[in-house]
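User: Please take me through the assignments in this model. I should like each term set against its definition.

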Amino acid sequence: MSARRAFQIAVLMAAVFLLAACEAARPEANLPSGAQKVAVFEGGEVTQGQVQEQLELLGQQSGLGEITPDSPQYQSAIAQIMPRLVTQEIAQAYAREHGITVTERDVEREIERIKDQLVRQARSQGQDLEREEAFRQALEQAGITEAQLREQIREQLPVQEVQERVAGDVRPTERQVRDYYEENKDTQFTNPAQRCVRHILFNPDQRERAEEVKRRLEEGADFAELAREYSQDPGSRDDGGDLGCIGRGETVPNFEEAAFGAEEGEIVGPVKTQFGYHIIRVYDVREESTDPLSEVEDRIREQLSATRQAEEFQRWVERQEERRNIRYLPGYDPNPSSGE
């Protein structure tokens, strides 16, 4: 899934309002709330119902709760929502006018691409997840259902096709790819040192028990089994004490010092922290490394293409807004200083 195929929720789009004399309709303020047109242009419209759905979504995702016209965040929310809805509707209008459609096979293909990308991301972070599990977790984190995602894809694919058509050839040159790699090597393509660890946490008054368990481990007892039996960490106990792979600065200092000072396979402890006593086993050592250009050039090329495509698409949208004579109901213009 590329940068331009962002994984996010969108509202269901209203039906097309085709105008008879090739002249944009005027925004209407006397219709029922959901049907009221808050922005109109030659070939389409944005309704108040669409705006309301986006406000509800924004409130849920931001933790602000219900956003109403009386809310202090209302105008900034409108300024954020309206350009996105207008862009979506203009692209949808263009798609209809040029016969750009999407099939269920296209939707299914995109779902499969999303699953593949989620698995790659999970595994790059040290998580061994199956495709369906990674997909399920992503849906839960986003707070949407698979049906909602499919509807979003169904709406977005035609827009994506429009974006690719109107942006033209935006592929970066080999020189641009190499320059980007060199400029961003340290921040984007260097993997910090990590230690993959399991631990067993004991309460602050259980040092003797921690030492006893360590002796059993040194005699060959199974770490995961003892973690499930003794660990006081509910977050990792059921996984046999597995904390995954951690980098510097991600744990408390004493724990980090012990983990990064151990060899692969070594068991250390008891290590005292504010949480109690830890017995730690390092099961993988990952030193700092830099991804070679050959492994990331496709990703860089896609990222640069997506950025340039988005810029060209935005300029196209601005020209379309002028050509299609977009008009806003008062209070819904995202750029009120430019005039209604």
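User: What is the sign of phi at glycine 143, which follows α4?

Analyst: The phi of glycine 143 is positive, near 75°. The model is predicted, so local features need pLDDT of at least 70 and side-chain atom pairs count only at pLDDT 80 or more, while totals for chains, interfaces and linings use all residues. Residues are numbered from 1 along each chain as its sequence is written, and side-chain values use heavy atoms, with hydrogens and water left out.

User: Why is α4 called a helix, and how does its span compare with the expected 16 Å?

Analyst: A helix is a DSSP run of H or I with at least four residues, and a strand a run of E with at least two, numbered from the N terminus. Helix α4 (residues 131-142) has twelve residues. Its first and last C-alpha atoms lie 17 Å apart, close to the 16 Å expected at 1.5 Å a residue; the expectation is 1.5 Å times one less than the number of residues.

User: Which residues of α4 are buried?

Analyst: Buried means under 20% relative accessible area, exposed over 50%, and partly exposed in between (1.4 Å probe, protein chains only). Ala134, Phe135, Ala138 and Leu139 are the buried residues of α4.

User: What makes them one face of the helix?

Analyst: Viewed down the axis of α4, the buried residues fall within an arc of 135°, so they line one face; the arc is taken from the directions from the helix axis to the C-beta atoms. Glu140 and Gln141, on the other side of α4, are exposed.
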